[in-house]
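Visitor: I should like a close look at one part of this molecule. Please begin with a single residue and its surroundings, and then relate that part to the rest of the chain.

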Amino acid sequence: MYEVLGSPYKGDKRQPACLGEKEADTQEAKMGEQPIFTTKAHVFQIDPSTKKNWVPASKQAVTVSYFYDSTRNSYRIISVDGTKVIINSTITPNMNFTKTSQKFGQWADSRANTVFGLGFASEQQLSKFADKFQEVKEAARLARERSQEKMETSSNHSQESGRGTPSSTRASSVNGTDDEKSFHGGPPDIELKTENDKLKTALAQSSSNVKKWETELETLRESNARLSSALQESIASVEHWKRQFLACKDENDQLRNKVVELEAQCDEIDKERARNEELSKRLQQLETEIQDKEAELEDLRKQSEILPQLMSECESVTEKLQGAEQRNQELEEKVRTLRKDMEESKHRQGHLKLELKHFLNILDGKLNDLHEFRQGLSKLEMDN
């Protein structure tokens, strides 16, 4: 967003305002000028009807250059888009370059009767352009002061020469004859003529410069009046926007209070809705429980119908159970007797194992004796 005199740029696509000078004059002037600084930027001009909105002078970033005219000792900012001159602004000491944002700056040109704006790609480019503008403005101020000093010295010299001319002529007429006058008066007359011609040209130039300065002063006054009126309009618009802002703020506060009330009501409604949902869930649970209880009652009814049959069956089952218990007791007694017999048989088997082990030990001893006896027999056989 670009800013113009404190207002945002809204992208108006109308044609740019007139530059106040012809393109041909610009091209002729550029032939004797030399560029001293060049950059690229988007060029805008103030809308002459509203004095608030920016009008784009170029569809894209174009070259913007500072030019110095050594013959006129003047500085200009010139930018050309194709064959169309979109900036032709002579820098004067009264001009000021203002940074309205980080990438946008502007200056007012009273001769062109407009305000130029430049949008740069970076803040560094804007700072360089602003520094160069200040430097060129200071150089223009020094050039103007020097020209004024030259004019003052030339006017003083003309006055002194005007005073000295009669005295010299009087001296020549008094101190010499007519021949001497003709002999001695030739070269001074030529010098006086050349000086008079120079003074006439300087006077004509000074008069033309005075007229030029008068027109420039008049344009500056007009631009100052327009800027003051634009400033008053902007102040009035600011006051209007302040009143609208206060009204909107009050309305916003009222709407905020209503929103708070509605949020509180919505919270209560949400709570009631949650309660209703819980109650509906509880009601569904109770309905399911009632259905389960009804199913249980139906089962109990059916069971009550078959209860006598079940009682008779239960009696028969109890009789069978009693018989089974008696048989179980008899079987338990048999199991006990069998366990006793098994224990006795185990005891006998243990006793037999001991006896068998004892017998095996005796048998091992006998075998060892027989083996020794055999060895003794074999020895006797060997001895025999």
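Guide: L367 lies in helix α5, which spans residues 307-383. The model is a predicted one, and the description that follows should be read in that light. L367 has a relative accessibility of 46%, and it therefore counts as partly exposed: the value falls between the 20% limit for buried residues and the 50% limit for exposed ones. Its side chain belongs to a nonpolar surface patch of about 580 Å². The other contributors to this patch are L356, F359, L360, L363 and L370.

The surface as a whole gives the setting for this patch. The accessible surface of the protein is about 29,000 Å², and carbon and sulfur atoms account for 54% of that area. Of the 384 residues, 20% count as buried. The secondary structure consists of five helices and 10 strands. Contacts between residues 24 or more positions apart make up 61% of those with a separation of 6 or more.

From the surface we may turn to the interior. The largest nonpolar core contains 24 residues, and the members that touch the most others are V43, I77, I87, W107, L118, F129 and F133. At least two residues of this core come from each of the strands β3 (33-46), β5 (62-69), β6 (74-81), β7 (84-90) and β10 (114-119), and the same holds for helix α2 (123-175). Helix α2 supplies the largest share, namely six residues.

V43 illustrates how such a core residue is surrounded. Leaving aside residues up to four places away in sequence, V43 touches V55, P56, A57 and S58, then V62 and V64, and further along the chain S79, I86, I87, G117 and L118. Two of these partners, I87 and L118, are themselves among the core members with the most contacts to other members. A second core, separate from this one, has five residues, including F44, I46, W54 and V115.

Aromatic side chains offer another view of the packing. The structure holds 12 aromatic pairs. In one of them, Y68 and Y75 are tilted with respect to each other, with ring centres 4.7 Å apart and 35° between the planes. The two partners differ in burial: Y68 counts as partly exposed because its relative accessibility is 25%, whereas Y75, at 13%, counts as buried. F120 and F129 form another tilted pair, at 5.5 Å from centre to centre and with 50° between the planes. Here both partners are buried, since the relative accessible area is 4% for F120 and 0% for F129. This pair is part of a wider arrangement, as ring pairs link F37, Y66, F97, W107, F116, F120, F129 and F133 into a cluster. W107, F129 and F133 thus appear both in this cluster and among the best-connected members of the largest core.

Helix α2 also carries charged side chains that interact with one another. There are seven salt bridges in the structure. One joins E135 to K132, with a nitrogen-to-oxygen distance of 3.7 Å. Because these residues are three positions apart in helix α2, about one helical turn separates them. E135 is partly exposed, with a relative accessible area of 49%, while K132 counts as buried at 16%.

Another salt bridge links E138 and R141, whose closest N and O atoms are 2.0 Å apart. These two residues are likewise three apart in helix α2, and therefore about one helical turn separates them. E138 is partly exposed at 34% relative accessibility, and R141 is partly exposed at 30%. R141 also meets E145, at 2.6 Å from N to O. The interval is four residues in this case, which again means a separation of about one helical turn in helix α2. E145 is partly exposed, with a relative accessible area of 34%. Through R141, then, E138 and E145 are joined in a network of salt bridges.

Key
Residues numbered from 1 in each chain as written. Predicted model: local features only at pLDDT ≥ 70, side-chain atom pairs only at ≥ 80, totals over all residues. Heavy atoms only, no water. Core = buried A, V, L, I, M, F, W, Y, C linked by side-chain atoms within 4.5 Å. Buried < 20%, exposed > 50% of the residue type's maximum accessible area, 1.4 Å probe, protein only. Contact = heavy atoms within 4.5 Å. Areas by Shrake-Rupley, 256 points an atom, 1.4 Å probe, with all protein chains shown as cover. Patch = residues over 30% accessible without salt bridge, like charges linked within 9 Å, V, L, I, M, F, W, Y side chains within 5 Å. Salt bridge = Lys/Arg side-chain N within 4 Å of Asp/Glu carboxyl O. Phe/Tyr/Trp six-rings, centres within 6.5 Å; stacked < 30°, edge-to-face > 60°.
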